[in-house]
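Biologist: Please put the model on screen. I will ask what each label rests on.

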Amino acid sequence: MFSRYFETAKNSTLGDPLSVAKCPSDVRSHRNSSRLMASAAGEQHSCEFGSAKYYALCGFGGILSCGLTHTAVVPLDLVKCRIQVDPKKYGSMVNGFKITLKEDGVRGLARGWAPTFIGYSMQGLGKFGFYEVFKIMYGNMLGEEYSYLYRTSLYLAASASAEFFADIALAPMEAVKVRIQTQPGWAGTLREGVPKLMKEEGIRGFYKGLPPLWMRQIPYTMMKFACFERTVEALYKYVVPKPRSECTKPEQLVVTFAAGYIAGVFCAIVSHPADTVVSKLNNDVGSTPIQAARDLGMKGLWKGLGPRIVMIGTLTALQWFIYDSVKVFFRLPRPPPPEEPESLKRKRLAAQQAV
């Protein structure tokens, strides 16, 4: 896979992933296979790998994958946040749903859907769009051989860089969402919550949760992308009985969903303590991340882990499924699992012969 990155970069104007490359106006025209990261020989794509159109459509896929999935699980997220903020009252997931239904009715389970949809759509744009940019950029910096040898580090660095910027877009809506969900009577809608938060705490109120949000989301995203990439590689190598190039698009999407769920379980575990701190911090006016962690204690930091594993596992699987489906729908280049570059193969064979 990585050898095709560099062949593409050398033979086109895409050496810099931020440069603009034009897509062919006629997608039926012949394309040099060395300029495309094709998952199957001769497959026609709607644009060049690494072009402006490619990044734009990847960002659009991120908007759909994150915005739709996070909005779909708002009821679960609402109860999870309330358990984190007030564990004595809500206790377990089942009890949390019972109390919420009793106090707010069925409509109460949808509280915070608007800031969730807007915030996580913007986050998805940055998360997936910038990941593609940084992955190619860092890969070009490392070179073909090191990109393959240290591909896990490449995934980790690219995803961390992307999430850093994605969370800046998410933080304001996350602050409003948590208050709507965990402070009954504070505000019922996004239109009511934004001016109220501005009046109470100023612009700082929208971003005071950003540092713990980075603490939660950056490890989460690093695990999400690196674990997914390596799991896909392992599934095709050890589980799927035929090469990826021989799999149909639906079969490939099944592998995507399975790898996404496995990655999601690990994501939930590594990011949960910071997620609890974010909920507590946004609920307590004037609190700091350290103070919130101290108030929660070690046991409190892990409250709500069970439902979050279910939520994040399903969420991550669906996100990758939607994102990959968008790539299939728009006929974007979809890189196959990485293969050892020919130069490394020659070096390895030479070393074996020298022994």
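Modeller: Take the second largest cavity, with about 160 Å³ of space. It is lined by 18 residues, and those closest to its centre are His70, Asp77, Tyr120, Arg216 and Met311. This is a predicted model: local features need pLDDT of at least 70, side-chain atom pairs count only at pLDDT 80 or more, and totals for chains, interfaces and linings use all residues. Residues are numbered from 1 along each chain as its sequence is written, and side-chain values use heavy atoms, with hydrogens and water left out.

Biologist: What makes a space a cavity and not a pocket?

Modeller: Escape. On a 1 Å grid over the protein atoms alone, a cavity is a set of points where a 1.4 Å probe fits but cannot get out. A pocket is an open set with protein on both sides within 12 Å along at least five of seven lines. Lining residues have an atom within 4 Å of a point. The volume is the space filled by probe spheres set on the points, with points joined across faces, edges and corners.

Biologist: Which helices supply at least two residues each to the lining of the second largest cavity?

Modeller: H3 (74–85), H6, H8, H11, H12 and H14. Helices are DSSP runs (H or I, at least four residues), numbered from the N terminus. The lining divides into seven nonpolar, four polar and seven charged residues. Here Asp, Glu, Lys and Arg count as charged; Ala, Val, Leu, Ile, Met, Phe, Trp, Tyr, Cys and Pro as nonpolar; the others, Gly among them, as polar.

Biologist: How many cavities of 30 Å³ or more does the structure hold?

Modeller: Three. The largest has a volume of about 340 Å³. Of its 22 lining residues, Phe228, Glu229, Val232, Asp324 and Pro335 are the closest to the centre. That lining has 13 nonpolar, two polar and seven charged residues. H6, H11 (210–239), H12 (249–283) and H14 each give it at least two.

Biologist: What lines the second largest pocket?

Modeller: Arg107, Gly108, Ala110, Arg111, Gly112, Trp113, Ala114, Pro115, Ile180, Gly188, Thr189 and Leu190. The pocket holds about 210 Å³ of space. H6 (residues 113–142) gives the most to this lining, with three residues. The split is six nonpolar, four polar and two charged.

Biologist: Why is the contact of Lys80 and Asp77 called a salt bridge?

Modeller: A salt bridge needs a side-chain nitrogen of Lys or Arg within 4 Å of a carboxyl oxygen of Asp or Glu. Lys80 and Asp77 come to 3.2 Å, N to O, and form one. They are three residues apart in helix H3, which puts about one helical turn between them. Both are buried, meaning under 20% relative accessible area; exposed is over 50%, and partly exposed lies in between (1.4 Å probe, protein chains only).

Biologist: How far apart are the closest N and O atoms of Arg216 and Glu174?

Modeller: They are 3.4 Å apart, and the pair forms a salt bridge. Arg216 lies in H11 and Glu174 in H8, so this pair ties together parts 42 residues apart in sequence. Both are buried. The whole structure holds 17 salt bridges.

Biologist: Where do Lys345 and Glu342 lie?

Modeller: In helix H15, three residues apart, about one turn. Their closest N and O atoms are 3.5 Å apart, a salt bridge. Lys345 has 29% relative accessibility, so it counts as partly exposed. Glu342 has 48%, so it is partly exposed as well. Elsewhere, salt bridges that share partners join Asp77, Lys80 and Lys177 into one network.

Biologist: Why is Thr316 called buried?

Modeller: Its relative accessibility is 0%, so Thr316 counts as buried. Thr316 lies in H14 (residues 305–329). Its C-alpha is 9.2 Å from that of Ala259, 57 residues away along the chain.

Biologist: What stands out in the phi of Arg331?

Modeller: It is near 55°, a positive value in a residue other than glycine. Arg331 lies in the loop between H14 and H15 (342–354). With a relative accessible area of 36%, Arg331 is partly exposed.

Biologist: Which residues make the nonpolar surface patch?

Modeller: Phe130, Phe164, Phe165, Ile168, Met198, Ile203 and Tyr207, giving about 620 Å². H8 (residues 151–182) brings the largest share, three residues. Phe165 lies in H8. At 42% relative accessibility, Phe165 is partly exposed. Patch members need over 30% relative accessible area and no salt bridge; nonpolar side chains (Val, Leu, Ile, Met, Phe, Trp, Tyr) are joined within 5 Å, like charges within 9 Å. Areas come from the Shrake-Rupley method with a 1.4 Å probe; for residues, only the protein chains shown count as cover.
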